[in-house]
Amino acid sequence: MEILKTRLKITEVRMGWFYNGKCTSKARLDGKTAVVTGCNTGIGKHTVLDLSRRGARVIMACRNLEKAEEAANDIRKTLEGVENVGELSIKHLDLSSLSSVRKCAEQLLKEETNIHLLINNAGVMMCPRQLTEDGYEMQFATNHLGHFLLTLILLPRILNSAPARIVNVSSIAHKFGTGVTVYSLHPGVVDTDLDRHLDSAFFPGSRWFYRTFGNMFKKSSEQGAQTTLYCAVDESTANQTGLYYDDCVAVRPTGKANDPEQARKLWDISIEMVHWDKNRDPFQKG
């Protein structure tokens, strides 16, 4: 057991060699409301923990309500004895289902006077090829279309809550393929269950190989959440918008990500795919 503890400590130190970005802001979020998607584990869970510690009222929007409740109880237990922590609540959200996204978003609009923080954290990776109930590829629907529609519906309320922030947790993998500030970020290679589909995507045992030999290069969930928190609360980013961050530093994304023509095309296609009413202006405060 002592040998295991020593190895774990060494691994933690090694991870520190590769990643040193950290959100050092002491900002309080008392009276603020935050919505975080996919936060029953990993980066999202630690993000909720941090925001709650700062006093924010955090809404955990998750697909699995049972696991979300377990995570919420774990966070409450961790924060026992800490003064002025924020309240936690849970909403059902299946980002692969446009009807679920609409239901969750409309419920939030009915119940929340303000939404100061929207953190689009949920995501899947290399899942087996399958179509959603709407007929879209699962990974694209979950990672992009679901969050796209959620943000569109909530945007008027977020605009009305300014100063407010929208944080999109993305990935460095993209290089291979108004009073509201917006951020996109790569959290790093993080030790979460995002790798659960590796065996089916590549070959049996690939997940074991990745976890066994990749640990020294991976961040813990706490480390992985630092860039999200930096974008969400740090005072120095308050007047920055539309930038891409890696390890708490603004960096330049791939050229295609900076192509306005490609951005407009993606916007138009996404609007069509989520069946958005073009007479409904998402940029109108409400």
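1. Just after helix α2 comes Gly55, a residue with a positive phi, near 100 degrees. This is a predicted model, in which local features need pLDDT of at least 70 and side-chain atom pairs count only at pLDDT 80 or more, while totals for chains, interfaces and linings use all residues. Residues are numbered from 1 along each chain as its sequence is written, and side-chain values use heavy atoms, with hydrogens and water left out.

2. Now for α2 itself, which covers residues 42–53 (helices are DSSP runs of H or I with at least four residues, strands are runs of E with at least two, and both are numbered from the N terminus). Its twelve residues reach 17 Å from first C-alpha to last, close to the 16 Å expected at 1.5 Å a residue; the expected span is 1.5 Å times one less than the number of residues. Ten of the twelve residues are buried, so α2 is largely enclosed by the rest of the structure. Here buried means under 20% relative accessible area, exposed over 50%, and partly exposed in between, with a 1.4 Å probe and protein chains only. Among the buried residues are His46, Asp50 and Leu51.

3. Helix α9 (residues 226–233) is worth a visit next: eight of its eight residues are buried, so this helix too is largely enclosed by the rest of the structure. They include Gln226, Tyr230 and Cys231. What covers them includes α2, β4 (117–120), β5 (164–169), β6 (180–186), α8 (221–224) and β7 (243–246), where contact means heavy atoms within 4.5 Å.

4. Thr227, one of the buried residues of α9, has its C-alpha 8.1 Å from that of Val249, although the two are 22 residues apart along the chain. Val249 lies in strand β8 (residues 249–251) and, at 44% relative accessibility, counts as partly exposed.

5. Please look at how α4 (residues 98–111) and α5 (residues 138–160) pack: the angle is about 20 degrees and the axes are 9 Å apart. Axes are lines fitted to C-alpha atoms, for helices over the stretch in contact, and angles run from 0 to 180 degrees between N-to-C directions. The two helices are therefore roughly parallel to each other (angles under 35 degrees count as such). The contact involves residues including Leu98, Val101 and Arg102 of α4 and Gly146, Leu149 and Leu150 of α5. By type, the contact residues divide into nine nonpolar, one polar and three charged; Ala, Val, Leu, Ile, Met, Phe, Trp, Tyr, Cys and Pro count as nonpolar, Asp, Glu, Lys and Arg as charged, and the others, Gly among them, as polar.

6. Thr33 sits in strand β1 (residues 33–37) and counts as buried at 10% relative accessibility. Leaving aside residues up to four places away in sequence, Thr33 touches Arg57, Ile59, Glu112, Asn114, Ile115, His116 and Leu117.

7. Finally, some backbone details to check. Most residues other than glycine have a negative phi, and most peptide bonds are trans. Cys248, in the loop between β7 and β8, has a positive phi near 65 degrees and is buried at 10% relative accessibility. His275, in the segment after α10 (260–273), has a positive phi of about 55 degrees and is exposed, with a relative accessible area of 55%. A cis peptide bond, with omega about 5 degrees, joins Ala162 and Pro163; Pro163 is in the loop between α5 and β5.

Technical notes. Angles under 35 degrees count as roughly parallel, over 145 as roughly antiparallel, 65 to 115 as roughly perpendicular and the rest as oblique.
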